[in-house]
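I opened this entry to look up how the strands are arranged, and then to follow some side chains on the surface and in the interior.

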Amino acid sequence: METINALGRRKTAIARVYVSTGKGSILINGKDIAEYFPTVILQNTAKQALKLVDVAGKYDIVANLDGGGISGQAEALSLGISRALVKINPEYKSTLKTHGLMTRDSRMVERKKPGQKKARKRFQFSKR
């Protein structure tokens, strides 16, 4: 099997994922997944698609992550892996879609408005 590539995004994080047959190693920006994502929760978020379709040890994954924070990067990686798995086998799509792994989470940070402290928080109003 040739290398399958897919793209995943979340907030400002972008994950370019390359999947090929192998022994199940996951490299992110040249580091192992356990080294890149320090917590088990983030590692499980990234590997969630592989566990659902039961192919955890069959594919080697190389990913380039850019932008955002670590939680956004983990979710972007999960979406990228899901999209690559569907390219490999279209039958996985129904399983992944029922668990919400095929939809891109489009929520972004709201911009800060001028004359306000943050996006919605305002400076204290003084009547007198």
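Starting with the sheet, I noted for this predicted model that five strands form an open sheet in the order E1-E2-E5-E3-E4, and that the pairing is mixed. I then looked up the edges: strand E1 (4–10) and strand E4 (31–32) each have a single partner strand, so one side of each is left without a neighbour in the sheet.

I next followed the contact between E3 and E4, where strand E3 (residues 26–28) is joined to E4 by two bridges and the two run antiparallel. Within this pairing I looked up Leu27, which stands opposite Asp32 in E4.

Leu27 came up again when I turned to the surface, since a nonpolar patch of about 220 Å² is made by Leu27 together with Tyr18 and Val62. Of these residues I checked Val62 further, and found that Val62 lies in strand E5 (residues 59–66). Val62 has a relative accessible area of 40%, which lies between the cut-offs of 20% and 50%, and I therefore entered Val62 as partly exposed.

Last, I looked up the aromatic rings, and the structure holds one aromatic pair. The ring centres of Tyr36 and Phe37 are 5.2 Å apart and their planes stand at 85°, so I recorded the pair as edge-to-face. How buried are Tyr36 and Phe37? Tyr36 has a relative accessible area of 18% and Phe37 one of 0%; buried means under 20%, so I entered Tyr36 as buried and Phe37 as buried.

Conventions: Residues numbered from 1 in each chain as written. Predicted model: local features only at pLDDT ≥ 70, side-chain atom pairs only at ≥ 80, totals over all residues. Heavy atoms only, no water. Patch = residues over 30% accessible without salt bridge, like charges linked within 9 Å, V, L, I, M, F, W, Y side chains within 5 Å. Areas by Shrake-Rupley, 256 points an atom, 1.4 Å probe, with all protein chains shown as cover. Salt bridge = Lys/Arg side-chain N within 4 Å of Asp/Glu carboxyl O. Helix = DSSP H or I, 4+ residues; strand = E, 2+ residues; numbered from the N terminus. Buried < 20%, exposed > 50% of the residue type's maximum accessible area, 1.4 Å probe, protein only. Phe/Tyr/Trp six-rings, centres within 6.5 Å; stacked < 30°, edge-to-face > 60°. Pairing = 2+ DSSP bridges.
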